[in-house]
Amino acid sequence: MSSYDLIVIGAGPGGYVCAIRAAQLGLKVACVEGRETLGGTCLNVGCIPSKALLHASHMYHEAAHNFTRMGLMGDRPSIDWTVMQGYKAETVETNTKGIEFLFKKNKIDWIKGWAEITAPGKVKVGDDTHEAKNIVIATGSEPAPLKGVEVDNASGVIVDSTGALTLPGVPESMVVIGAGVIGLELGSVYARLGTKVTVIEYLDAITPGMDAEVQKQFQKILKKQGMEFVMGAAVQSATAKRGKATLSYKLRKDDSEKEMSADVVLLATGRRPYVEGLGLDKLGVEMTERGQVKIDDHWQTNVKGIYAIGDAVPGLMLAHKAEDEGMAAAEVIAGKSGHVNYNVIPGVIYTSPEVANVGLTEAAAKETGRKIKTAKFPFMGNARAKAMFQGDGFVKMVVDADTDRVLGCHIIGPNAGEMIHEVCVAMEFGASAEDIALTCHAHPTTSEAVREAALACGDGAIHV
Ligand SMILES: Cc1cc2nc3c(=O)[nH]c(=O)nc-3n(C[C@H](O)[C@H](O)[C@H](O)COP(=O)(O)OP(=O)(O)OC[C@H]3O[C@@H](n4cnc5c(N)ncnc54)[C@H](O)[C@@H]3O)c2cc1C
Ligand SMILES: NC(=O)c1ccc[n+]([C@@H]2O[C@H](COP(=O)([O-])OP(=O)(O)OC[C@H]3O[C@@H](n4cnc5c(N)ncnc54)[C@H](O)[C@@H]3O)[C@@H](O)[C@H]2O)c1
């Protein structure tokens, strides 16, 4: 039996960052991970492999559609799926090995196996029980099931996001259930590689929670790229037979039932916290109605010395939110004052164009009762975006009309996922739109569109 200042359970972005920060602050730390490799959902079957496939499929799409427009002539590349899968696996491996290196560097013990908290301060892994002054639950999430839809990733017919990353080949047709982030990112991968992709969404708009103008423009662009949408439809069932899937859904507007068949069905209707086998029931750890671990302002559960972070607790299910909570919880445990500003957490969808947001949508800002103003700048007025054939999107600022303080920003366009951080920093500093407008931005960059949107909050943008 070994004893630690802190045992972190789960080595995803929440857990491994928490372990590293705690070790940097002088604590003796171990991290328990049940998977073969470190990095959690994000590195193994989430953010990283999906971004590798998004990158490869984007390159293929550019070569097929835009190269000749730039005078780059020659044969269109063909897809070697085995090599593409290998590239994805290598990308994942270099990252998971990177975390192993960081653990060694920071003298963090990696305890291999599945953990159970048998009592406060006691973590059982296999036959060994380890002692810890503090425990952080960072066990993440898993795909949420949908009644009537039986996922079997091994068959490659009805799959969740994990199965969609390792299909045996590029299918001819795919139905995606759910027009959320996973559905649209992975749907984009296959649509670019030539699959006929149909997205079935329960609501009337895609990507719930995003600014309404972005939702509309995003769907328009995806349609132009060949993705088809069935909106306002509740999926009833999906069954696999002889390597094909049949799916039935009900249109909400008239209750009519329809059927559709495809080579692959991807279930992407959300994720749920994963806390199985931890023994939280017996410990009396309070949970929310949605199965999340309840925590206080310091990420501590109702049981003293047991903390929880990341996808396992309420809030956005994002890797960087988990990382921030991991750092903050480690700081609290080390006797410092950890902090996460939940009002400034960016969200990015890595499609092409990218979609990024931070802060309040126009509708949410109005709901606060404030007087607000909004301003939009289209990428059509941005030279760099046009050179990349990406003039379709815009930057939208949501600003307090009385104080000019930036409340939110919504971008659909090239590099949106990088550009959003300038607004995050501005919001952290309580900046006004004028502060951004007065900041010199290099030309020609797509970031100029952010400045132009800020200028549009005042006397006007220049290039429209
Ligand atoms: C396809 C896909 C793409 C995504 N892309 C993005 C993206 O681009 N950007 C983004 O911000 N987010 C993305 N996400 C979400 C992101 O992966 C999660 O928000 C993030 O991984 C949560 O981190 P976490 O540390 O809370 O949990 P996880 O990453 O889920 O890690 C939890 C770890 O705990 C381990 N574990 C669980 N129980 C135990 C136990 N009892 N004992 C030992 N180990 C245990 C699990 O094996 C797992 O490795 C994506 C998710 C998916 C599925
Ligand atoms: N780039 C990123 O940051 C990234 C990428 C992938 C995943 N993630 C995270 O992973 C989590 C899960 O993603 P997700 O896309 O599975 O969930 P989501 O909640 O983003 O989207 C699920 C969608 O499915 C729809 N839906 C639900 N039930 C349905 C039904 N019966 N029929 C049709 N549609 C239905 C919902 O209305 C919603 O639009 C998200 O919280 C997301 O933050 C993030």
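1. I begin with a point of backbone geometry in this predicted model. K107 lies in the loop that runs between α4 (81-105) and β3 (109-112), and its phi is near 55 degrees, which is a positive value in a residue other than glycine.

2. Two cis peptide bonds deserve a look alongside K107. One joins S352 and P353, with omega at about 0 degrees, and P353 lies in the loop between β18 and β19 (354-359). Another joins H443 and P444, where omega is about -5 degrees; P444 is found in the loop between α13 (433-437) and α14 (448-456).

3. On the overall division of the chain, the domain assignment gives domain 1 as the two segments 4-143 and 272-334, domain 2 as 153-269 and domain 3 as 346-457. Taken over C-alpha atoms, the centres of domain 1 and domain 3 are separated by 30 Å. Contact between these two domains involves five residues of domain 1 and four residues of domain 3, and the side of domain 1 that touches domain 3 is made up, by class, of two nonpolar, two polar and one charged residues.

4. A record also bears on the C-terminal part of the chain: an unreviewed UniProt entry annotates residues 345-454 as "domain: Pyridine nucleotide-disulphide oxidoreductase dimerisation". In the model, the chain over residues 345-454 is 33% helix and 28% strand, and the C-alpha atoms at the ends of this stretch are 20 Å apart.

5. Which residues are closest to ligand 1? They are G10, G12, G40, G140 and G310, within a shell of 37 residues that surround the ligand. Several elements supply at least two residues each to the shell around ligand 1, namely α1 (13-24), β2 (29-33), α2 (40-45), α3 (47-65) and α9 (319-333). By class, the shell around ligand 1 divides into 18 nonpolar, 16 polar and three charged residues.

6. Ligand 2 is surrounded by 25 residues, of which G178, G180, I182, Y202 and M317 are the closest. The shell around ligand 2 receives at least two residues from each of α6 (181-192), β10 (196-201), β12 (233-241) and β18 (347-349), and the largest share, four residues, comes from α6. Divided by class, the shell around ligand 2 has 17 nonpolar, five polar and three charged residues. At the level of domains, this shell draws at least three residues from each of domain 2 (153-269) and domain 3 (346-457).

7. The parallel sheet may be read together with ligand 2, since α6 and β10 appear in both descriptions. Five strands form this open sheet in the order β8-β15-β9-β10-β11, with parallel pairing, and its edge strands, each pairing on one side only, are β8 (158-159) and β11 (228-231). Between β8 and β15 (residues 264-267) the parallel pairing extends over two bridges, and I158 stands opposite V265 in β15. The helix α6 lies across β9 (173-177), β10 and β15, and runs at about 165 degrees to β10.

8. A second open sheet consists of three strands in the order β12-β13-β14, paired in the antiparallel sense; its edge strands are β12 and β14 (257-262), each of which pairs on one side only. On average, and with direction ignored, neighbouring strands of this sheet are turned by 20 degrees against each other. Six bridges underlie the antiparallel pairing of β13 (residues 244-251) with β14, where L247 has M260 as its bridge partner.

9. The last point concerns two hairpins that share β5. Strand β4 (residues 115-119) runs antiparallel to β5 (residues 122-125), with four bridges joining them, and A115 stands opposite V125 in β5. Two residues lie between β4 and β5 in this hairpin, and G121 in the turn has a positive phi of about 85 degrees. Strand β5 is in turn joined by four bridges to β6 (residues 128-137), again in antiparallel fashion, with K122 standing opposite E131 in β6. The hairpin of β5 and β6 likewise has two residues between its strands, and G126 in that turn has a positive phi of about 60 degrees.

Conventions. Residues are numbered from 1 along each chain as its sequence is written. Chains are lettered from A and ligands numbered from 1 in the order in which they are written. This is a predicted model: local features need pLDDT of at least 70, side-chain atom pairs count only at pLDDT 80 or more; totals for chains, interfaces and linings use all residues. A residue is near a molecule or strand if its C-beta atom, placed from the backbone, lies within 6 Å of it. Ala, Val, Leu, Ile, Met, Phe, Trp, Tyr, Cys and Pro count as nonpolar, Asp, Glu, Lys and Arg as charged, and the others, Gly among them, as polar. Domain bounds come from an automatic or database domain assignment. UniProt positions are given in the numbering used here, feature names are shortened, and annotations may be inferred rather than shown by experiment. Two strands pair if DSSP finds at least two bridges between them. Two residues are in contact if their C-beta atoms, placed from the backbone, lie within 7 Å. Axes are lines fitted to C-alpha atoms, for helices over the stretch in contact, and angles run from 0 to 180 degrees between N-to-C directions.
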